[in-house]
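Got your viewer open? Load the model, get your selection tool ready, and follow along stop by stop.

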Amino acid sequence: MSLDILALVIEMTRFLNPVLLGKHDRPAPDYGIFPSLVRFPAKLTADDYRLAAHGSNEDPIPKPLTAHVHVPARLGHEVNGAARYLSYLKHEIALQGSLFDVDRCIEQLVLTGNGAGCLGDDQLAGLMTELRRHFGLKRSRDRDFSLRTGPNRLSPQRLADLIALGFNRFNIDIRDSGAAAIERLVEIQAASRQAYLHPPTLELALRLPGRTPAGFSALLERLVCLRPERITLSRDVGHGTADWPRGSGGSVPGDQGGTPERSETLALLVQGIERLVAEGYVHTGMGRLVLSSDTLVAAQRRGWSQRCLEDYHLHGDADCIGFGVGAISHVADGYYQNGRKLPDYYARLDAGELAICRGYELNADDRVRRDVIQRLMGSGDVPYTAIEKRHRIVFRNYFAPELLALQEMAGDGLVDIRRDRIALTPPGRLLPNRLAMVFDGAFSESKPRYLQMV
């Protein structure tokens, strides 16, 4: 172990105290979107979305495009439910594609939902063809096209077929630590590294609830030998099983901290981070660990990493297009959600309309808070000057109640409040959404304020 890694391990061991962290551990949104879905009224329509899309095309330097395609696990009781759903997805892709300039190709693509990994290669090929036809797909190595699946759905040959379709990242849900699953991953990893000069990224998603410290320790030792590019340790019981939307959607989190279950999974999270950091992984936040050579590390250090729906975007702010039932699009300052039930989704597309059923446009206060929250969730660093210049406020005045509310967390070593910035500490990166929640007006006791102009 190098001296640098040894020093980091000592620092992590010193500060990652499960008891102290548990003091501040509360359920919180994952801030894939802000504000959360509970604040989405029905006032924004498909026409508003069209105007937002055309407006984004007119920007001097249009934002990059990302796309999230949601494939739910249950597609009705029809024999050809998946085929029918894909036909509607393709129709939606054509409608959406007509709204965006042809030179704005998709740079990041995420296929999510429990049904995504169950699609056959021919079905995936047809989907990729439609996206390429109506949008264009980035071809260079820095594209990020990911598919969520399970180890039983992959093999060296299928991996090669999926890479040929354009996928270069695979989010693999490890639901158990059985020998068969690990051996399959070893086989896939070995074949990938042997066959490709630039192998695809394998990201393993491990759910922590229900595991024992001894069993988890044994699993970590297997993963250390496998050495995947990314490992996500999830405290969410539903990780990898819940259909869209996850985390930031729906209900307002309650005050359920300090329960034995949360304390146990928090202790496992600390155990996993300490072990993987000792092997050269970098904890980028919320239980995601990546090798130091990963592009996510460089993007985070440069302040380019942005939390977005289901994932992170590594090139700064982007316009996100959501396809499928319940999917959410984010264009400019607006969020737009598709019909959340299949009959509604199908009916809107049958009428020749976009599938959007509701939306929300951020106001001035939302934009300031989103900027702060994005920086906390991304780089973990909030320089006051950058916020002040962009939004014409005096940070310490505008966020005086929030800075006061952070004092206890600062005293416990989760955040460093300086004269010119807020910076998360290594322990704070375990609970960035908990710190971000302080700046979420929905959970603030302070009354809404007008912008304080400089």
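Start by selecting Asp144, which sits in strand β3. Is Asp144 buried or exposed? With a relative accessibility of 13%, Asp144 counts as buried, because the cut-off for buried is under 20%. Now show what is around it: leaving out residues up to four places away in sequence, Asp144 touches Glu107, Gln108, Leu109, Asn168 and Arg169. Then pick Leu314 as well. Along the chain, Asp144 and Leu314 are 170 residues apart, yet their C-alpha atoms are separated by 9.2 Å.

Keep in mind that this is a predicted model.

**Along the strand**

Slide along to Thr149, which belongs to strand β3 (residues 144-149). Thr149 has a relative accessible area of 5%, so Thr149 is buried. Which residues does Thr149 touch, not counting those up to four places away in sequence? Select Gly117, Leu154, Asn171, Ile172 and Asp173 to see them.

**Zoom out**

Now colour the whole chain by secondary structure: you are looking at 17 helices and 17 strands. The chain has 454 residues, and buried ones make up 54% of them. Here's another number for the overall fold: among contacts with a separation of 6 or more, 74% are between residues 24 or more positions apart.

**Into the core**

Next, select Phe167, Phe395, Ile422 and Phe439. The largest nonpolar core has 113 residues, and these four touch the most other members. Add helix α9 (residues 260-277), which supplies the largest share of this core, seven residues. Apart from that core lies another one, of five residues, including Ile33, Ile328, Tyr335 and Tyr360. As background, nonpolar side chains in soluble globular proteins tend to be buried together.

Go back to Phe167 and display its surroundings. Setting aside neighbours within four places in sequence, Phe167 is in contact with Leu111, Leu124, Met128, Arg143, Phe145, Ser146, Leu147 and Leu162.

Then hop over to Tyr335, in strand β13 (residues 334-338). How buried is Tyr335? Its relative accessible area is 2%, so Tyr335 counts as buried. Add Ile321 to the selection: Tyr335 and Ile321 are 14 residues apart in sequence, and 9.9 Å apart from C-alpha to C-alpha.

**Two helices side by side**

Select helix α4 (residues 81-97) and helix α5 (residues 121-134). The two pack at an angle of about 10°, and their axes are 9 Å apart. That makes α4 and α5 roughly parallel to each other, because angles under 35 degrees count that way. Which residues meet here? On the α4 side, light up Ala82, Leu86, Leu89, Lys90, Ile93, Ala94 and Gly97. They meet Gln123, Gly126, Leu127, Glu130, Leu131 and His134 in α5. Sorted by class, this contact has seven nonpolar, four polar and two charged residues.

**Out to the surface**

Now look at Arg301 in helix α10 (residues 295-301). Its relative accessibility is 65%, so Arg301 counts as exposed. Select Ser379 too: Arg301 and Ser379 are 78 residues apart along the chain, while their C-alpha atoms are separated by 6.2 Å.

**Backbone curiosities**

For the next few stops, show the backbone.

- Find Phe34 and Pro35, which are joined by a cis peptide bond with omega at about 0°. Pro35 lies in the loop between α2 (18-24) and α3 (46-57).
- Jump to Ala332, in the loop between β12 (328-331) and β13. Its phi is near 55°, a positive value in a residue other than glycine. At 31% relative accessibility, Ala332 counts as partly exposed.
- Finish the set with Arg392, in the loop between α13 (384-391) and α14 (395-398). Arg392 isn't a glycine either, but has a positive phi of about 55°. With 47% relative accessibility, Arg392 is partly exposed.

**Last stop: confidence**

Colour the model by pLDDT. The chain averages 84, and 85% of the residues score at least 70. Where does pLDDT stay under 50? One stretch is residues 3-10, with eight contacts beyond four places in sequence. Another is residues 446-454, with 22 such contacts. Where pLDDT is low, don't read the predicted coordinates in detail.

How values were computed
Residues numbered from 1 in each chain as written. Predicted model: local features only at pLDDT ≥ 70, side-chain atom pairs only at ≥ 80, totals over all residues. Heavy atoms only, no water. pLDDT = per-residue confidence, 0-100. Contact = heavy atoms within 4.5 Å. Core = buried A, V, L, I, M, F, W, Y, C linked by side-chain atoms within 4.5 Å. Buried < 20%, exposed > 50% of the residue type's maximum accessible area, 1.4 Å probe, protein only. Helix = DSSP H or I, 4+ residues; strand = E, 2+ residues; numbered from the N terminus. Axes fitted to C-alpha atoms, helices over the stretch in contact; angles between N-to-C directions. Parallel < 35°, antiparallel > 145°, perpendicular 65-115°, else oblique. Nonpolar A, V, L, I, M, F, W, Y, C, P; charged D, E, K, R; others polar.
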